[in-house]
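Thanks for making the time this morning. I would like to walk through one model with you, so please keep the sequence and the structure open while I talk.

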Amino acid sequence: MTEVLNDRAAWLKSGAAKCSKPPAVKGPPRRYILLGPPGAGKGTQAELLAARIGGCQLSTGDVFRAAKNTGAASQSPAVRTALEAMAKGELVQDETVLEMIRERLRCLHCGGGILLDGFPRTVAQAEALTALLRQQKIKLDGVLNYELPLATIVARLGGRRICQTCKAVYHVENQPPATPEVCDKCGGDVIQRDDDQPEAIRVRMEAYERSTLPLTEYYRKQGLLRTISAAGSPEEVHHRTLTVLAQA
Ligand code: ADP
Ligand code: AMP
């Protein structure tokens, strides 16, 4: 098993939860949004970037999946509605997502930096984030916009597997765990996500094109957008990303 660097408890559980290890601080905190269609490899790149330049991977999808594991009895009506939308591949309502972000405000200040993965996903969320960051005096370094052809996206999503415990990402062909269905990092169960089924994938792609794609224009106008091809191996995409960051 490889070591889990940080369990992201403050992000995944919120409340009074403390992360298992302080963030690895590598110079001034770097703060990026990872944008792109589902399955482009944002989570995979976030992990590689966190190891290289620091930064905690703040995935809103991981927070909802963690809430799902807590069981129906401890879920608020808003969370239950969110989980129903998620299972179908639809976006969760902006207000629910934004409330979740506000509850995790201290993560945005993380001294190790932040890699926002899957948030924002609508223009309303992006506008709310801009206002929140301005109010908190937090400056974004850039928006990494990963692009990938649809056929490759579908192949990546169909083969994706995740660790139920630490949320590490695998792929049945490209990146299988060393022992089938056992997480290399924490020994947790490696499972398929409910929304990685063909019908939910279709709905998610539609939601991406309708609601998330307009964010490229939003961030281009702010001079923050860096578009990167997500084709090739994770390491190739990572090196491409580092090259883009070095030019910024
Ligand atoms: P996203 O966070 O954008 O939804 P993930 O990082 O979860 O995407 O990646 C989706 C799937 O594709 C996972 O199974 C992952 O292992 C696989 N994957 C990610 N990047 C690559 C890559 N560059 N080449 C091949 N497979 C990849
Ligand atoms: P992801 O793990 O980023 O692929 O997200 C999985 C699912 O969680 C999405 O299909 C949505 O249902 C929900 N979700 C995650 N982040 C957001 C967001 N910022 N806005 C709306 N829905 C979200």
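I will take the ligand site, then one strand, and then the salt bridges.

Before anything else, please bear in mind that this is a predicted model.

Let me begin with ligand 1, which is surrounded by 19 residues, and the closest of these are K42, T44, R160, Y170 and G232. If we sort that shell by residue type, we get seven nonpolar residues, nine polar ones and three charged ones. Several side chains place polar atoms against the ligand: an N or O atom in the side chain of K42 is 2.8 Å from an oxygen atom of ligand 1, while the side chain of N174 brings an N or O atom to 2.9 Å from one of the ligand's nitrogen atoms. R156 also takes part, with a polar side-chain atom 3.3 Å from a nitrogen atom of ligand 1. How much of the ligand's accessible area does the protein cover? On its own, ligand 1 has 560 Å² of accessible area, and the protein covers 94% of that. As for where the shell comes from, the elements that contribute two or more residues to it are α2, spanning 42-53, β6, spanning 169-171, and α11, spanning 234-247.

Let me turn now to strand β1, residues 31-35, where five of the five residues are buried. In a regular strand, side chains alternate between the two faces of the sheet. Here, R31, I33 and L35 point one way from β1, whereas Y32 and L34 point the other way, and all of them are buried. Which strands does β1 pair with? One is β3, residues 114-117, which runs parallel to β1 and is joined to it by four bridges, with R31 standing opposite I114. Another is β4, residues 142-147, also paired with β1 in the parallel sense over four bridges, and there I33 has V143 as its bridge partner.

That leaves the salt bridges, of which the structure holds 13. Side chains of opposite charge can pair when their charged atoms come close.

One of these bridges links K68 and D194, whose closest N and O atoms are 2.6 Å apart. Because K68 sits in helix α3, residues 60-69, and D194 in the loop between β7 and α9, this pair ties together parts that are 126 residues apart in sequence. Both ends are partly exposed, K68 at 41% relative accessibility and D194 at 43%.

Other pairs stay within a single helix. E199 and R202 meet in a salt bridge at 2.7 Å, N to O, and since they are three residues apart in helix α9, about one helical turn separates them. Here too the residues count as partly exposed, with E199 at 47% relative accessibility and R202 at 41%.

In helix α10, residues 214-221, E217 and R220 are likewise three residues apart, about one turn of the helix, and they form a salt bridge whose closest N and O atoms are 2.6 Å apart. Are these two buried or partly exposed? E217 is partly exposed at 36% relative accessibility, and R220 is partly exposed at 45%.

Finally, there is a network in which salt bridges with shared partners join R160, R193, D195, D196 and R204. R160 brings us back to the beginning, being listed among the residues closest to ligand 1.

Notes. Residues numbered from 1 in each chain as written. Chains lettered and ligands numbered in written order. Predicted model: local features only at pLDDT ≥ 70, side-chain atom pairs only at ≥ 80, totals over all residues. Heavy atoms only, no water. Near = heavy atom within 4 Å. Polar contact = N/O pair within 3.5 Å; in protein donor to acceptor, adjacent residues only side chain to side chain. Areas by Shrake-Rupley, 256 points an atom, 1.4 Å probe, with all protein chains shown as cover. Nonpolar A, V, L, I, M, F, W, Y, C, P; charged D, E, K, R; others polar. Buried < 20%, exposed > 50% of the residue type's maximum accessible area, 1.4 Å probe, protein only. Pairing = 2+ DSSP bridges. Salt bridge = Lys/Arg side-chain N within 4 Å of Asp/Glu carboxyl O.
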